[in-house]
Amino acid sequence: MKLNLLTAGLLMSLSLVVQAAVSDQITVKDAFVREVPPNQTISAAFMTLHNNDMSDHKVVNATSPAAKVVELHTHTHENGMMKMRQIPQIDLPAGSEAMLKPGGLHIMLIDLTAPLSSEKMVPVTLKFEDGSEKTLELPVKSVKPMGNMGHMKH
Ligand SMILES: [Cu+2]
């Protein structure tokens, strides 16, 4: 009986080794944080996430030392107006890309701890459904305002 438990334990740890962390299956490109005026305390991070795995994955959380609150957001159309809302996860379908871009999915940085400057990189950590994490260093870039569907009205 004791031996069986040992064997089971060994098998379990073996399968853990074989199964790669989700963070290793995801490639990130074109990541940046939107430049905002020094008096503005919210901004957002955008990027393209590619899931190289054959199963679906998801981003379940994001954190950054640059903001007190970090939320996963999307935009929806409501009565002809663009509105942002918080979502519990960002889906990463197997073998395809999820694009975080202005007017769509984004990582909201609320209550910036310091003004964003173009010389500084902003660390953002993505957490996946298996608990694995990926920390990125994002450059700060200016994004053209898109008419009146801006980010200011939260
Ligand atoms: Cu938002």
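How many helices and how many strands does the chain have? The chain has one helix and 11 strands, where helices (H or I, at least four residues) and strands (E, at least two) are DSSP runs numbered from the N terminus, and along the sequence they follow the pattern α-β-β-β-β-β-β-β-β-β-β-β. This is a predicted model, in which local features need pLDDT of at least 70 and side-chain atom pairs count only at pLDDT 80 or more, while totals for chains, interfaces and linings use all residues. Residues are numbered from 1 along each chain as its sequence is written.

**Burial and contacts in the chain**
- Of the 154 residues of the chain, 25% count as buried, a residue being buried if 20 or more other C-beta atoms lie within 10 Å of its own, exposed if 12 or fewer, and partly exposed in between, with C-beta atoms placed from the backbone.
- Two residues are in contact if their C-beta atoms, placed from the backbone, lie within 7 Å; among the contacts in the chain with a separation of 6 or more, 70% come from residues 24 or more positions apart.

**The nonpolar core**
- The largest nonpolar core, meaning a set of buried Ala, Val, Leu, Ile, Met, Phe, Trp, Tyr and Cys residues joined through C-beta atoms within 7 Å, has 30 residues, and those with the most contacts inside it are Ala45, Ile107 and Leu109.
- At least two residues of this core are supplied by each of β1 (26-34), β2 (42-51), β3 (57-63), β4, β6 (90-92), β8 and β9 (122-128), and β2 gives the most, with five residues.
- Not counting residues up to four places away in sequence, Ile107 touches Ala44, Ala45, Ala62, Val70, Leu72, Leu100 and Val124.

**The loop residue Leu105**
- Leu105 is placed in the loop between β7 (97-100) and β8 (106-112), and it counts as buried because it has 20 C-beta neighbours inside 10 Å.
- Apart from neighbours within four places in sequence, Leu105 is in contact with Thr74, Ile90, Ala98 and Leu100; the C-alpha atoms of Leu105 and Ile90, which are 15 residues apart along the chain, are separated by 8.0 Å.

**The β4–β5 hairpin**
- Strand β4 (residues 67-78) pairs with β5 in the antiparallel sense over six bridges, given that two strands pair if DSSP finds at least two bridges between them, and Met84 in β5 is the bridge partner of His75.
- Two residues lie between β4 and β5 in this hairpin, and Asn79 in the turn has a positive phi of about 50°.
- Strand β5 (residues 81-86) lies largely in the open, because the number buried among its six residues is zero.
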